[in-house]
Amino acid sequence: MTAIMVPAVCVGATFVVVTLVGMQEARRVGGAHAKTLIAAMTASFAAGQIAGPLAVSAFAVASGSVNVVLLISATLLVASAAAVAWSTMGKRESVETVTE
């Protein structure tokens, strides 16, 4: 049972924290329209939960292997992390200046 519970808590906690941070950021950025932004984020997440497995299945069947799907997903993950890092580079300096 421990072999199931420990990974479940570790992985589950990660998703809870990411979701919590996302909702807090939506409230901060959305202002008066925060509920609409949170609803859009929730709908987008749900669409991804439906489309993701369908896309993986289609690519895996078409290519005959899951390796291509894993390579594509890893590439997209790195590209999105780079995009986030690039978009926040100038903002990080201004935050540090304000807090000092």
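A residue counts as buried under 20% relative accessible area, as exposed over 50%, and as partly exposed in between. Ser63 has 36% relative accessibility, so it counts as partly exposed. This residue belongs to helix α2. The model here is a predicted one.

Two other residues can be put on that scale. Val16 is found in helix α1. Its relative accessibility is 56%, and Val16 therefore counts as exposed. Ile72 lies in helix α3, which covers residues 67–99. At 34% relative accessibility, Ile72 counts as partly exposed, because that value falls between the two cut-offs. For the protein chain as a whole, 8% of the 100 residues count as buried.

Now the overall fold. The protein chain has three helices and zero strands. Along the sequence, the pattern reads α-α-α. How does the radius of gyration of the protein chain stand against the globule rule? The radius of gyration is 18 Å, while the rule gives 13 Å for 100 residues. The first value is well over the second, so the protein chain is more spread out than a compact globule. Along the principal axes, the C-alpha atoms fill a box of roughly 55 × 35 × 30 Å.

Next, the packing of two helices. Helix α1 spans residues 2–30, and helix α2 spans residues 34–63. Their axes are 8 Å apart, and the packing angle is about 140 degrees. Angles over 145 degrees count as roughly antiparallel, and those from 65 to 115 as roughly perpendicular. The angle of about 140 degrees belongs to neither class, so α1 and α2 are oblique to each other. The crossing of α1 past α2 is right-handed.

Which residues make this contact? From α1 come Gly22, Met23, Ala26, Arg27 and Gly30. From α2 come Ala34, Leu37, Ile38, Met41 and Thr42. By type, the contact holds six nonpolar residues, three polar ones and one charged one. Glycine is counted as polar in this split.

Some C-alpha distances help to place the residues named above. Val16 and Val29 are 13 residues apart along the chain, and their C-alpha atoms are separated by 20 Å. Met41, part of the contact between α1 and α2, gives another reference point. The C-alpha atoms of Met41 and Ile72 are separated by 23 Å, with the two residues 31 apart along the chain. How far from Phe15 is Ser63? Their C-alpha atoms are separated by 30 Å, and the two residues are 48 apart along the chain.

Conventions. Residues are numbered from 1 along each chain as its sequence is written. This is a predicted model: local features need pLDDT of at least 70, side-chain atom pairs count only at pLDDT 80 or more; totals for chains, interfaces and linings use all residues. Side-chain values use heavy atoms; hydrogens and water are left out. Axes are lines fitted to C-alpha atoms, for helices over the stretch in contact, and angles run from 0 to 180 degrees between N-to-C directions. Helices (H or I, at least four residues) and strands (E, at least two) are DSSP runs, numbered from the N terminus. Angles under 35 degrees count as roughly parallel, over 145 as roughly antiparallel, 65 to 115 as roughly perpendicular and the rest as oblique. A crossing is left-handed if the near helix is turned anticlockwise from the far one by less than a right angle, and right-handed if clockwise. Contact means heavy atoms within 4.5 Å. The radius of gyration is taken over C-alpha atoms; the globule rule is 2.2 Å times the number of residues to the power 0.38. Buried means under 20% relative accessible area, exposed over 50%, partly exposed in between (1.4 Å probe, protein chains only).
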